[in-house]
Amino acid sequence: MNPFSTLRLLPRRPLYRCLNAPKSLPRPSIRRFSHQDVDGPPRNPLDSISMHRLQESRRQHYQRRSVYASIGVVVCTVIPIMIVFSYEIPQKAPPAQNEPSSSSIIPKTNLDADPSANQTFQGKPVVVAAGGQKLVAKDTRTGDEIELVETGTSTVPHFPKTIYLPSSDAPTSATLPANAVVNPTEDEYTLLGVGIRRVSFLGIQVYVVGLYVATSSLAPLQRALIRSVQPGASTLIPGEKEVLRHDLVDPEASLRLWDKLLREGDGEHGIRTAWRVAPVRNTDFKHLHEGWVTGIKARAKVPIPAPPTPSSLTPSPSGPTSPLPSNPTQNEFTDDSFGASIKLFQALFRGRGKAPTGSIVLLSRAENGTLEILFKRSEKEEHVERLGTVEDERVSRLIWLKYLAGKDVSSEDCRRSVVEGVLGLVERPVGTMETKVD
């Protein structure tokens, strides 16, 4: 072997290096880890799309939970309120004389009317008349009886079948000063229908309202209603009664029918009517007249539809057809005199104060449409206070139409009751002075 080759294989050291120098420690090797080493197999490039889908599904899940929770809160709030306002609290029977009274420390109160309110009317006991066909309030001293009609609420449980208001030959409104006390025992009025005025979707009861017709006006009312269906007849048969029922309920037909009745009566005599309003909770005249004024303005915006004709076109003398003229009554509420009448109506209630439960407000309409407003502080009072009158017949006509006709009436219960009373009226011959209220 070549000695030079052997020397080349020997480990080389620098000449200046010490022979006893310590050996250098081995340098640790650095290993670089990648995601493939940590996560295992290589990732799918479409995993980011799957993550977006997962996040979107979670977002929708929590959104649905929020919606369901909100619905649950609303339902759990509304249902108890509806139960409280719609459920009649049963009256507990009075304990027997030998039964010990309750020893509860907390007194039990009842938010409904006093049970005695259902047993008396004007201080007279309410009993069932002989035969069980009607309720009457009987005066034990004089023996007089007042026939009653149930209203459907326990606060004002009964309305009288007949009331008495100043007659047409009494002193006129111009001769009576405002706030005068008058004696309402001259002309008899008969109840045609009664119902409850409710507000809001909860059906909160505001007052009980009933429509009365002067007994002397029943015959003109009968003739006008019968002629609207069958001219020349003296009564209506069942099929014709259904036609009248449709006209009294239909939004457009009812407006035409009642508007004509209030304007013209039977063509010879006007019809005297009155609304009797009894609040079921303590209120004031401001809230009452604001409701009436709102109804007047809303009804004034609805034109009275023209009566239907076989053809919407009428022949012209020249040959071509021309359209029928529009209803002239739709613009009668735009003049200044009507606005002045509304202000006068509002002024009659200004500063009147409270209208407590048990008070009575009477809106009387004469044959010429004059509106007279009367007020009784209590059902037991014999006299009524006159608040004032409004000569413009349009004001009273719109108030009456708001209760009786159109699509949205102030009291649907009252309208249904009036319809039944009208149908009971027309099934009798013209001239009968009795009506039927179910």
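**Exercise 1. How two helices cross**

In this predicted model, work out how helices H5 and H6 are oriented relative to each other: parallel or perpendicular?

*Solution.*
Step 1: Find the two helices. H5 covers residues 238–249 and H6 covers residues 251–264.
Step 2: Look at the angle. The helices pack at about 95°, and their axes are 5 Å apart.
Step 3: Compare with the cut-off. Angles of 65 to 115 degrees count as roughly perpendicular, so H5 and H6 are roughly perpendicular to each other.
Step 4: See who touches whom. On the H5 side the contacts come from Leu244, Asp247, Leu248 and Val249, and they meet Pro251, Ala253, Ser254, Leu257 and Trp258 of H6.

**Exercise 2. A link across the sequence**

Find out which parts of the chain the pair glutamate 420 and arginine 245 ties together.

*Solution.*
Step 1: Start with the idea. Side chains of opposite charge can pair when their charged atoms come close.
Step 2: Check the distance. Glutamate 420 and arginine 245 form a salt bridge through their side chains, with 2.8 Å from N to O.
Step 3: Place the partners. Glutamate 420 belongs to helix H10 (residues 412–426) and arginine 245 to helix H5, so the salt bridge connects parts 175 residues apart in sequence.
Step 4: Judge the exposure. Glutamate 420 is partly exposed, at 32% relative accessibility, and arginine 245 is partly exposed too, at 27%.

**Exercise 3. Pairs inside one helix**

Decide for arginine 415 and glutamate 412 whether each is buried or partly exposed, and do likewise for arginine 263 and aspartate 259.

*Solution.*
Step 1: Take the H10 pair. Arginine 415 and glutamate 412 sit 3 residues apart, about one turn of the helix, and their closest N and O atoms are 3.4 Å apart in a salt bridge.
Step 2: Apply the cut-off. Buried means under 20% relative accessible area, so arginine 415 at 6% is buried, while glutamate 412 at 33% is partly exposed.
Step 3: Take the H6 pair. Arginine 263 and aspartate 259 are 4 residues apart, again about one turn, and their salt bridge spans 2.8 Å from N to O.
Step 4: Use the cut-off again. Aspartate 259 is buried at 5%, whereas arginine 263 is partly exposed at 34%.

**Exercise 4. A nonpolar patch**

Which residues make the nonpolar surface patch of about 710 Å²?

*Solution.*
Step 1: List the members: Val67, Tyr68, Ile71, Val75, Ile79, Ile83 and Tyr87.
Step 2: Zoom in on one of them. Isoleucine 71 lies in helix H3, residues 47–86, and is partly exposed at 48% relative accessibility.

Methods:
Residues numbered from 1 in each chain as written. Predicted model: local features only at pLDDT ≥ 70, side-chain atom pairs only at ≥ 80, totals over all residues. Heavy atoms only, no water. Patch = residues over 30% accessible without salt bridge, like charges linked within 9 Å, V, L, I, M, F, W, Y side chains within 5 Å. Areas by Shrake-Rupley, 256 points an atom, 1.4 Å probe, with all protein chains shown as cover. Salt bridge = Lys/Arg side-chain N within 4 Å of Asp/Glu carboxyl O. Buried < 20%, exposed > 50% of the residue type's maximum accessible area, 1.4 Å probe, protein only. Axes fitted to C-alpha atoms, helices over the stretch in contact; angles between N-to-C directions. Parallel < 35°, antiparallel > 145°, perpendicular 65-115°, else oblique. Contact = heavy atoms within 4.5 Å.
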